[in-house]
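Reader: Hi, I've got a structure to go through and I'm new to this. Can we take it step by step?

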Amino acid sequence: MQPVDILAIAAHRDDVELTCGGTMRRAADQGRRTAIIDLTQGEMGTRGSAALRGAEASQAAVILGAEARETLGLPDAGIVNTPETRELLARAIRRFRPRVVIAPAQQSRHPDHRVASELVRDACFVAGLGKVAPDVPVHRPVKVLYCLAYREDGGKPTFVVDISDQFERKLEAIRCYASQFDGLTQAGEVYPNGEPLYDIVRHQAAHYGSLIRSRYGEPFFTTETMRVDDVAALEVSTF
Ligand SMILES: [Zn+2]
């Protein structure tokens with residue numbers, strides 16, 4: 001398998017679409033190779049079945065332009081960060097050899113999301129350790145980005161990706177999960193506010209877009225400080 005530029009890893013099969021689907025689509029539009037790993041099959045979801053969600057996830061991956069989408073098969077609502085799960089995920093990371101990994105937000109309402117965030121970071125590190133799973137060549141991604149969509153408790157985003165040209169396709173990918181989303185007002189980190197889910201997604205993306213003076217955006221956090229090489233070229237006007 002050829003290395004990918006970006007690997008998005010999330011707990012459940014709809015998480016990537018909701019939190020970074022526009023960014024994944026934009027990267028594909030820019031010619032980047034992308035892939036998705038869902039840690040669970042979503043077998044604990046109250047609507048639909050794991051098999052149905054698998055078909056929905058494959059359809060959504062095509063819309064997002066991902067070259068591959070895998071499920072790690074960890075237990076839904078029971079993700080743990082242990083040497084065993086780190087090695088399992090590290091093996092998958094070594095198969096895709098990504099430069100950048102997108103992880104779930106560090107703070108989350110769903111325990112799976114919070115644990116997945118730590119597990120993804122730790123597995124990226126472990127993937128670079130030669131003594132772990134020595135039968136597979138090591139690979140450590142350069143950077144881990146954390147999603148922030150639908151959350152304000154993590155502080156300001158480090159940056160926002162302009163997804164104005166990708167937003168409708170992000171929504172189209174989310175609509176693939178009709179078996180669980182249609183008529184719903186909440187999902188994952190999306191807090192119910194009385195609006196239909198699809199409207200909340202649109203308004204949240206519009207909010208983050210407004211922070212960078214764009215129509216739609218997706219927010220991210222990095223623990224590292226961002227480097228600037230030319231301050232004269234900085235965007236997002238102060239006034
Ligand atoms: Zn989730």
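Reader: Which residues coordinate the zinc ion?
Author: This is a predicted model, so keep that in mind throughout. The zinc ion is coordinated by His 12 through ND1, by Asp 15 through OD, listed twice, and by His 113 through NE2. The distances run from 2.0 to 2.4 Å.

Reader: What is the geometry of the site of the zinc ion?
Author: Irregular. The angles among the 4 donor atoms run from 56 to 130°. Four donors count as tetrahedral if all angles lie between 85 and 135 degrees, so an angle of 56° rules that out.

Reader: What spacing do the donors follow along the chain?
Author: The spacing is H-x2-D-x97-H. His 12 and His 113 link distant parts of the chain, 101 residues apart. His 12 is in the loop between strand E1 (6-10) and helix H1 (15-29). His 113 is in helix H4, residues 111-126.

Reader: Is His 12 buried or exposed? And His 113, buried or exposed?
Author: His 12 is buried, because its relative accessible area is 6%. His 113 is buried as well, with 5%. The cut-off for buried is under 20%.

Reader: New topic. How many salt bridges does the structure hold?
Author: There are 13. As background, side chains of opposite charge can pair when their charged atoms come close. One of the salt bridges is between Asp 14 and Arg 53, at 2.8 Å from N to O.

Reader: Where do Asp 14 and Arg 53 sit?
Author: Asp 14 is in the loop between E1 and H1. Arg 53 is in helix H2, residues 50-64. The two are 39 residues apart, and the pair links distant parts of the chain. Both Asp 14 and Arg 53 are buried.

Reader: What does Arg 69 form a salt bridge with?
Author: With Glu 17. Their closest N and O atoms are 2.6 Å apart. Arg 69 is in strand E3 (residues 68-74), while Glu 17 is in helix H1. That pair is 52 residues apart along the chain. Arg 69 is buried, and Glu 17 is too.

Reader: And which side chain does Arg 169 meet in a salt bridge?
Author: That of Asp 29, at 2.8 Å from N to O. Arg 169 is in helix H5 (residues 167-175) and Asp 29 is in helix H1. They are 140 residues apart. Arg 169 counts as partly exposed because its relative accessibility is 27%. Asp 29 also counts as partly exposed, at 36%.

Reader: Which residues are joined into one network by salt bridges that share partners?
Author: Glu 17, Asp 38 and Arg 69.

Reader: Switching to cysteines. How many disulfides does a search of the whole structure find?
Author: It finds 0. Take Cys 20: the nearest cysteine sulfur is that of Cys 147, 4.1 Å away. A disulfide needs two cysteine sulfur atoms within 2.5 Å, so Cys 20 is in no disulfide. Cys 20 counts as buried, at 1% relative accessibility.

Reader: How far is the nearest cysteine sulfur from Cys 176?
Author: It is 15 Å away, and it belongs to Cys 20. Cys 176 is in no disulfide. At 9% relative accessibility, Cys 176 counts as buried.

Reader: What about the surface? Which residues make the nonpolar patch?
Author: Val 228, Val 231 and Leu 234. The patch is about 300 Å². Val 231 is in the segment after strand E7 (217-221). Val 231 is exposed, because its relative accessible area is 65%.

Reader: And where is Ile 36 found?
Author: In strand E2, residues 34-40. Ile 36 is buried, with a relative accessible area of 0%. Its C-alpha atom is separated from that of Ala 8 by 4.8 Å. Along the chain, Ile 36 and Ala 8 are 28 residues apart.

Reader: Last one. What is the phi of Ala 77?
Author: It is positive, about 65°, although Ala 77 is not a glycine. Most residues other than glycine have a negative phi. Ala 77 is in the loop between E3 and helix H3 (83-96). Ala 77 counts as exposed, at 51% relative accessibility.

Reader: And what is the phi of Arg 213?
Author: Positive too, about 60°, and Arg 213 is not a glycine. Arg 213 lies in the loop between helix H7 (197-211) and E7. At 51% relative accessibility, Arg 213 counts as exposed.

Notes:
Residues numbered from 1 in each chain as written. Predicted model: local features only at pLDDT ≥ 70, side-chain atom pairs only at ≥ 80, totals over all residues. Heavy atoms only, no water. Donors = N, O, S within 2.8 Å, 3.2 Å for Na, K, Ca; no water. Tetrahedral: all angles 85-135°; square planar, octahedral: opposite > 155°, others 65-115°. Helix = DSSP H or I, 4+ residues; strand = E, 2+ residues; numbered from the N terminus. Buried < 20%, exposed > 50% of the residue type's maximum accessible area, 1.4 Å probe, protein only. Patch = residues over 30% accessible without salt bridge, like charges linked within 9 Å, V, L, I, M, F, W, Y side chains within 5 Å. Areas by Shrake-Rupley, 256 points an atom, 1.4 Å probe, with all protein chains shown as cover. Salt bridge = Lys/Arg side-chain N within 4 Å of Asp/Glu carboxyl O.
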